[in-house]
Amino acid sequence: MSDRPGTCPVCNKPFKDGDDVVICPECGAPYHRECYRQAGTCVYSDKHATGFEYTPPRAEPEAAAPGQGQPDGGTAAGGQAWSAGSQTNSGGILCKNCRTVNDATNIFCEKCGYPLRNVETAGQSGGWQQPPPGQAPPPNGPGGPYPGGAAPGYGPVYGGMDFSGEIDGISKRDWAEFIGAAAPTYLMRMGQMTRRNGKISFMFSAFLCPQYYFAYRKMWLWAILGLVIDLAVYFVNVIQQVAQAGFMVFAWLSPDTLYMIYDVLVFLVLGIRIASGLFALYLYKQDATKKIVAISADFGTSPVYHEELRKKGGVSVLGVVLCVVLFMVFNYAVVAFIGVDAVNALYAYMNELMASLAI
């Protein structure tokens with residue numbers, strides 16, 4: 001028999017008569033025995049040192065009728081409805097991913113970064129998102145002093161994201177100004193990296209095209225390094241194919257030597273891509289920290305401080321286009337260098353190869 005009120009903190013299902021219930025010896029929180037076994041520990045274990053004691057949950061108020069502007073379950077300003085994560089008896093929110101109890105005002109889990117609240121469209125698309133209970137609205141959305149525009153120091157609206165706290169001694173608001181539209185994702189992942197004191201956080205775009213990623217994020221030295229190595233591989237590959245077609249551009253280089261150089265460069269490029277995918281976010285964080293500190297030293301008390309953050313940060317589509325243009329120019333330069341005869345020999349070889357494959 002079970003006379004425990006409320007719900008199990010792990011499965012969030014109410015206790016029923018006949019349930020096999022176990023009690024945490026530290027705080028008195030009740031669990032289904034199987035749920036406790038799966039969790040492996042009390043979900044409130046990080047609070048035990050503070051003397052936390054479980055108390056039965058209070059009865060939840062009835063949900064307001066749709067359209068009455070309730071922060072949980074009702075329709076919020078701008079046509080957005082907030083659906084909070086699992087509420088605990090202590091007023092916190094239980095992360096559905098790692099089972100960590102978070103402060104009720106959190107947007108993301110402080111341990112794993114998992115979203116604690118789901119935003120669902122209620123009648124309108126887009127628009128500002130209502131902040132969670134107890135959190136003031138940002139100053140650049142409905143309900144703030146700057147509706148329809150960006151407040152100084154806030155930049156774009158980021159869906160009611162919590163900007164409290166710092167990363168590497170820099171406020172999250174300044175980080176958001178510098179990063180731009182991708183701030184929520186970047187801040188969440190950089191926060192995770194900082195908490196585990198690590199340097200690895202895989203970025204697929206940086207793995208796929210390192211030079212374009214770094215150029216997009218205005219990390220010019222890394223972009224140039226990636227582009228130079230990519231061009232070197234392309235150049236050796238063309239020379240190797242021309243030699244295979246029977247036309248030696250460099251008489252002093254044997255085909256075997258060309259193969260060896262090309263294989264070394266290919267493995268080098270693969271290693272750079274793997275390293276870029278693993279450490280690009282860390283490199284970006286280091287590069288951005290230096291830039292933000294320099295901007296703060298020059299404009300920290302100036303009215304243009306936040307404007308400088310957006311100017312020196314953000315992204316550069318022009319940088320990506322420039323990388324593409326440089327690759328195309330290099331392509332034409334290689335063709336001019338090896339000469340028309342070498343190009344014709346390569347085309348003839350490729351045509352013969354395609355014909356033999358067709359047979």
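Which side chains meet in a salt bridge at 3.7 Å, N to O? They are those of Glu308 and Lys312. The model described here is predicted.

## Salt bridges in helix 8

Glu308 and Lys312 both lie in helix 8, residues 305-312. They sit 4 residues apart, about one turn of the helix. Glu308 also meets Lys311 in a salt bridge, with an N to O distance of 3.4 Å. Lys311 lies in helix 8 as well, 3 residues from Glu308, again about one turn of the helix. Glu308, Lys311 and Lys312 are thus linked in a network of salt bridges.

What is the relative accessibility of each member? Glu308 has 10%, so Glu308 counts as buried. Lys311 has 49% and counts as partly exposed. Lys312 has 40% and also counts as partly exposed. The network therefore joins a buried acid to two lysines that are partly exposed.

## A salt bridge near the N terminus

The whole structure holds 7 salt bridges. One of them pairs Arg33 with Asp20, the closest N and O atoms being 2.7 Å apart. This pair links distant parts of the chain, with the two positions 13 residues apart in numbering. Arg33 is in helix 1 (residues 33-39). Asp20 is in the segment before strand 1 (21-23).

Is Arg33 buried or exposed? Arg33 falls in between: a relative accessible area of 44% makes this residue partly exposed. Asp20, at 43%, is partly exposed too.

## Helix 3 against helix 7

Helix 3 (residues 183-195) and helix 7 have axes that come within 11 Å and cross at roughly 95°. That crossing angle makes helix 3 roughly perpendicular to helix 7. From helix 3, the residues in the contact are Tyr186, Arg189, Met190, Met193 and Thr194. From helix 7, they are Leu281, Tyr282, Tyr284 and Lys285.

Tyr282 belongs to helix 7, which spans residues 255-299. Tyr282 has a relative accessibility of 19% and counts as buried, because the cut-off is under 20%. Which residues touch Tyr282, leaving aside neighbours within four places in sequence? They are Met193 and Lys199. Ile200 is 82 residues from Tyr282 along the chain, yet their C-alpha atoms are separated by 6.9 Å.

## Trp175, a buried residue in helix 2

Trp175 is found in helix 2 (residues 172-179). At 0% relative accessibility, Trp175 counts as buried. Leaving aside neighbours within four places in sequence, Trp175 is in contact with Ile167, Ile170, Leu187, Met190, Lys285, Ala288, Thr289 and Ile292. Two of these partners, Met190 and Lys285, also appear in the meeting of helix 3 and helix 7.

Trp175 can also be placed relative to Arg310. The two residues are 135 apart in sequence. Their C-alpha atoms are 9.8 Å apart in space.

## A nonpolar surface patch

Tyr216, Val315, Val317, Leu318, Val321, Val325 and Val329 make a nonpolar surface patch of about 610 Å². Which helix gives the most to the patch? Helix 9 (residues 317-358) does, with 5 residues.

Leu318 is one of the patch residues and is found in helix 9. Its relative accessible area is 67%, so Leu318 is exposed.

## Two residues with positive phi

Most residues other than glycine have a negative phi, and most peptide bonds are trans. Asn12 has a positive phi, near 60°, in a residue other than glycine. Asn12 lies in the segment before strand 1. With a relative accessible area of 31%, Asn12 is partly exposed.

Lys218 has a positive phi of about 60° although this residue is not a glycine. Lys218 sits in the loop between helix 5 (210-216) and helix 6 (220-244). Is Lys218 buried or exposed? Lys218 counts as buried, at 16% relative accessibility.

Notes:
Residues are numbered from 1 along each chain as its sequence is written. This is a predicted model: local features need pLDDT of at least 70, side-chain atom pairs count only at pLDDT 80 or more; totals for chains, interfaces and linings use all residues. Side-chain values use heavy atoms; hydrogens and water are left out. Patches are made of residues with over 30% relative accessible area and no salt bridge: like charges are joined within 9 Å, nonpolar side chains (Val, Leu, Ile, Met, Phe, Trp, Tyr) within 5 Å. Accessible areas come from the Shrake-Rupley method with a 1.4 Å probe; for residues, only the protein chains shown count as cover. A salt bridge is a side-chain nitrogen of Lys or Arg within 4 Å of a carboxyl oxygen of Asp or Glu. Buried means under 20% relative accessible area, exposed over 50%, partly exposed in between (1.4 Å probe, protein chains only). Contact means heavy atoms within 4.5 Å. Axes are lines fitted to C-alpha atoms, for helices over the stretch in contact, and angles run from 0 to 180 degrees between N-to-C directions. Angles under 35 degrees count as roughly parallel, over 145 as roughly antiparallel, 65 to 115 as roughly perpendicular and the rest as oblique.
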